[in-house]
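Thanks for coming. I will go through one structure today, starting from a single side chain and working outwards.

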Amino acid sequence: MLSSGAPYWMLSSGQPSSFRWENYLTVAVHLSGLGDEASLRSSVSRSYYYAFNLARVRLALVPPIGAPPHPRAHGECWREVEAQIGPQAAKLGRAMCSRRNNADYDLVERNPRDWNFEARTAISFARRIVKSL
């Protein structure tokens with residue numbers, strides 16, 4: 001539920017949505033099993049957004065789906081997680097944010113990554129964060 005009392009799956013128009021952030025983890029797990037680099041990178045990204053968006057929702061930091069996000073939403077989210085939930089979940093969230101940036105934007109890597117390891121780690125971190133919320 002949002003601080004307004006509306007369930008988090010309400011659109012900004014006030015209409016219900018069938019969209020669930022939890023489905024991002026299902027997609028991340030599926031992608032991690034495909035094994036190619038694009039799927040593994042996408043798995044890292046989906047894992048991050050699963051944890052990030054559920055944290056924002058549970059901390060009432062986000063308007064309903066469809067409203068534009070704040071430009072510093074990622075840092076704000078993990079600061080609030082640290083203040084309200086604890087430092088371990090925030091530390092994992094910040095680490096995931098960095099990994100997600102690498103997965104999404106670092107296409108010419110200075111340090112080659114084991115994307116299988118990165119995807120498994122991201123899924124594990126995401127589960128741990130959400131469990132702590």
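Start with W78. Leaving aside its neighbours within four places in sequence, W78 is in contact with Y48, A51, F52, A55, A89, A90, G93, R94, C97 and I129. Keep in mind that this is a predicted model.

Two of those contacts are aromatic, so let us take the rings next. A search of the whole structure finds 6 aromatic pairs. In one of them, the ring centres of Y48 and F52 are 5.5 Å apart and the planes are at 10°, so this pair is stacked. Planes under 30 degrees apart count as stacked. Where do Y48 and F52 lie? Both are in helix 2, 4 residues apart, which is about one turn of the helix. An α-helix has 3.6 residues a turn, so residues three or four places apart point the same way. Y48 and F52 are also both buried.

Y48 has a second partner, and that is W78. Their ring centres are 6.2 Å apart with the planes at 55°, so the pair is tilted. Y48 belongs to helix 2 and W78 to helix 3, so this pair ties together parts that are 30 residues apart in sequence. W78 is buried, as is Y48. Add Y49 and F52 to Y48 and W78, and you have one aromatic cluster.

Now the wider setting. The largest nonpolar core has 33 residues, and the ones that touch the most other members are Y48, Y50, F52, W78, V81 and M96. Which elements give two or more residues to this core? They are helix 1 (22–32), helix 2 (37–58), helix 3 (73–84), helix 4 (87–105) and helix 5. Helix 2 gives the most, with 10 residues. As a general point, nonpolar side chains in soluble globular proteins tend to be buried together.

Let me step back to the chain as a whole. The protein chain has 5 helices and 0 strands. From the N terminus on, the order is α-α-α-α-α. Of its 133 residues, 41% are buried. Among contacts with a separation of 6 or more, 64% are between residues 24 or more positions apart. The accessible surface comes to about 7300 Å², and carbon and sulfur atoms account for 54% of that.

Next, three of the helices, beginning with helix 2. Its 22 residues should span 32 Å at 1.5 Å a residue, and its end C-alpha atoms are 32 Å apart, which agrees. Why is helix 2 described as largely enclosed by the rest of the structure? Because 17 of its 22 residues are buried. After helix 2 comes A60, whose phi is positive, near 55°.

Helix 4 has 19 residues and reaches 27 Å from its first C-alpha to its last, close to the 27 Å expected at 1.5 Å a residue. Its buried residues include A89, A90, G93 and C97, and these four are also among the contacts of W78. The cover over the buried residues of helix 4 includes helix 2, helix 3 and helix 5.

Helix 5 has 18 residues, which should span 26 Å at 1.5 Å a residue; the end C-alpha atoms are 26 Å apart, which agrees. At its N-terminal end, D114 acts as a cap: a side-chain oxygen lies 3.1 Å from the backbone nitrogen of N116. The buried residues of helix 5 include W115, F125 and I129. Helix 1, helix 2, helix 3 and helix 4 are among what covers the buried residues of helix 5.

One more residue in helix 5 is worth a stop: E118, as the helix covers residues 115–132. Is E118 buried or exposed? E118 is buried, because its relative accessible area is 10% and the cut-off for buried is under 20%. Not counting residues up to four places away in sequence, E118 touches V44, R99 and R113. R99 is itself one of the buried residues of helix 4.

Last, the end of the chain. L133 sits in the segment after helix 5. With a relative accessible area of 27%, L133 is partly exposed. Leaving aside neighbours within four places in sequence, L133 is in contact with L54, A55, R58 and I85. L133 and I85 are 48 residues apart in sequence, yet 6.7 Å apart in space, C-alpha to C-alpha. A55 brings us back to the start, being one of the contacts of W78.

Terms used:
Residues numbered from 1 in each chain as written. Predicted model: local features only at pLDDT ≥ 70, side-chain atom pairs only at ≥ 80, totals over all residues. Heavy atoms only, no water. Buried < 20%, exposed > 50% of the residue type's maximum accessible area, 1.4 Å probe, protein only. Contact = heavy atoms within 4.5 Å. Areas by Shrake-Rupley, 256 points an atom, 1.4 Å probe, with all protein chains shown as cover. Core = buried A, V, L, I, M, F, W, Y, C linked by side-chain atoms within 4.5 Å. Phe/Tyr/Trp six-rings, centres within 6.5 Å; stacked < 30°, edge-to-face > 60°. Expected span 1.5 Å × (residues − 1). Polar contact = N/O pair within 3.5 Å; in protein donor to acceptor, adjacent residues only side chain to side chain.
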